[in-house]
Amino acid sequence: MSSPADDPLHARLDELLASFDAALGADAAGYRGHVHRVGGLVLAQARGVLTAQEREQLAVALVFHDLAIWLDGTFDYLGPSADRAAEHLRARGHPDWVPRVRRMIDRHHQVRPVRDDALVEALRRADLCDVSLGAVHRGIPSGTWRMLRTRWPVAGFHLRLVQFAVRQTFQHPLRPLPMLRW
């Protein structure tokens, strides 16, 4: 089996991300790396059993999952990110994919496991693994995050998340992490 870093999903991610480089500005490399690492971590869990449709749904969910932080200027970004992904899918003739992609985005910070959709759960685990700098990797082969980090460096992404979280805490002390779901 090939490495999750060599999967064609990564070329699709680059295609989709390219149109957001200007909006992401100095954070483009960091976000790009996060998207690729999370994608590789999902692939490591899926072990090559994703259909072409699931790969495309995953690509859209990955690219859009945190994007509203930058595009909408909010740390309460799950809804706006999912809305942008839905708009993207409808514009490309895939309105039937909206519920699943929206769920992938809406549930990627859920604390409890997602038990009824393996792809949604794989994305949840993968994002947690990347945000924790590989420390939380349940269900993901050991060493996968380090290998992916070598290919797609962190590039300040985690520090930027801390900066956003601190700003959110000062602006909305009663909702410091509005993206968490139970």
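Let me start with Leu177, which sits in the segment that follows helix H10, the helix spanning 157–171. In this predicted model, Leu177 is partly exposed, because its relative accessible area comes to 42%. Leu177 also contributes to a nonpolar patch on the surface, of about 400 Å², and the other residues that make up this patch are Val111, Leu180 and Trp182.

From the surface I would like to turn to helix H9, which runs over residues 144–151 and whose buried residues are Thr144, Trp145 and Leu148. These residues cover an arc of only 95 degrees around the axis, and therefore they lie on the same side of H9. As for what lies over them, the cover includes helix H3, residues 28–46, and helix H8, residues 118–131.

Helices H3 and H10 bring me to the aromatic residues. How many aromatic pairs does the structure hold? There are six. Take Tyr31 and Phe157, whose ring centres are 6.4 Å apart and whose planes meet at 45 degrees, so this pair is classed as tilted. Tyr31 belongs to helix H3 and Phe157 to helix H10, which means that the pair ties together parts of the chain that are 126 residues apart in sequence. Are these two residues buried or exposed? Tyr31 has a relative accessible area of 0% and is therefore buried, and Phe157, at 2% relative accessibility, counts as buried as well.

A second tilted pair is formed by Phe75 and Phe164, with 6.2 Å from centre to centre and 35 degrees between the planes. This pair, too, links distant parts of the chain, since Phe75 is in the loop between helix H5 (68–71) and helix H6 (78–91), whereas Phe164 is in helix H10, 89 residues apart. Both Phe75 and Phe164 are buried. If we then follow the ring pairs from one residue to the next, they link Tyr31, Trp70, Phe75, Tyr77, Phe157 and Phe164 into a cluster.

Now to the charged side chains. As a reminder, side chains of opposite charge can pair when their charged atoms come close. The structure holds 16 salt bridges, and I will go through some of them with their surroundings.

Where does the pair of Asp130 and Arg37 sit in the chain? Asp130 is in helix H8 and Arg37 in helix H3, 93 residues apart, so to speak of this pair is to speak of a link between distant parts of the chain. The closest N and O atoms of this salt bridge are 2.5 Å apart. With a relative accessible area of 0%, Asp130 is buried, and Arg37, also at 0% relative accessibility, counts as buried.

The residue His158 belongs to this part of the discussion, since, leaving aside its neighbours within four places in sequence, His158 is in contact with Arg37 and Asp130, as well as with Val131 and Leu133. His158 lies in helix H10 and, because its relative accessibility is 11%, against a limit of under 20% for buried residues, it counts as buried. For a sense of the geometry, the C-alpha atoms of His158 and Gly25 are separated by 16 Å, although these residues are 133 residues apart along the chain.

The side chains of Arg102 and Asp83 also meet in a salt bridge, at 3.0 Å from N to O. Arg102 is part of helix H7, residues 98–106, and Asp83 is part of helix H6, so this pair ties together parts that are 19 residues apart in sequence. Arg102 counts as partly exposed at 25% relative accessibility, and Asp83 is likewise partly exposed, with a relative accessible area of 42%. Elsewhere, salt bridges that share partners join Arg12, Glu15 and Glu56 into one network.

Within that network, the side chains of Glu15 and Arg12 form a salt bridge of 2.9 Å, N to O. Both residues lie in helix H1, residues 9–18, and they are three residues apart, about one turn of the helix. Glu15 is exposed, with a relative accessible area of 52%, whereas Arg12 counts as partly exposed at 26% relative accessibility.

Methods: Residues are numbered from 1 along each chain as its sequence is written. This is a predicted model: local features need pLDDT of at least 70, side-chain atom pairs count only at pLDDT 80 or more; totals for chains, interfaces and linings use all residues. Side-chain values use heavy atoms; hydrogens and water are left out. Patches are made of residues with over 30% relative accessible area and no salt bridge: like charges are joined within 9 Å, nonpolar side chains (Val, Leu, Ile, Met, Phe, Trp, Tyr) within 5 Å. Accessible areas come from the Shrake-Rupley method with a 1.4 Å probe; for residues, only the protein chains shown count as cover. A salt bridge is a side-chain nitrogen of Lys or Arg within 4 Å of a carboxyl oxygen of Asp or Glu. Helices (H or I, at least four residues) and strands (E, at least two) are DSSP runs, numbered from the N terminus. Buried means under 20% relative accessible area, exposed over 50%, partly exposed in between (1.4 Å probe, protein chains only). The arc is that of the directions from the helix axis to the C-beta atoms. Contact means heavy atoms within 4.5 Å. Rings of Phe, Tyr and Trp (its six-membered ring) pair if their centres lie within 6.5 Å; planes under 30 degrees apart count as stacked, over 60 as edge-to-face and the rest as tilted.
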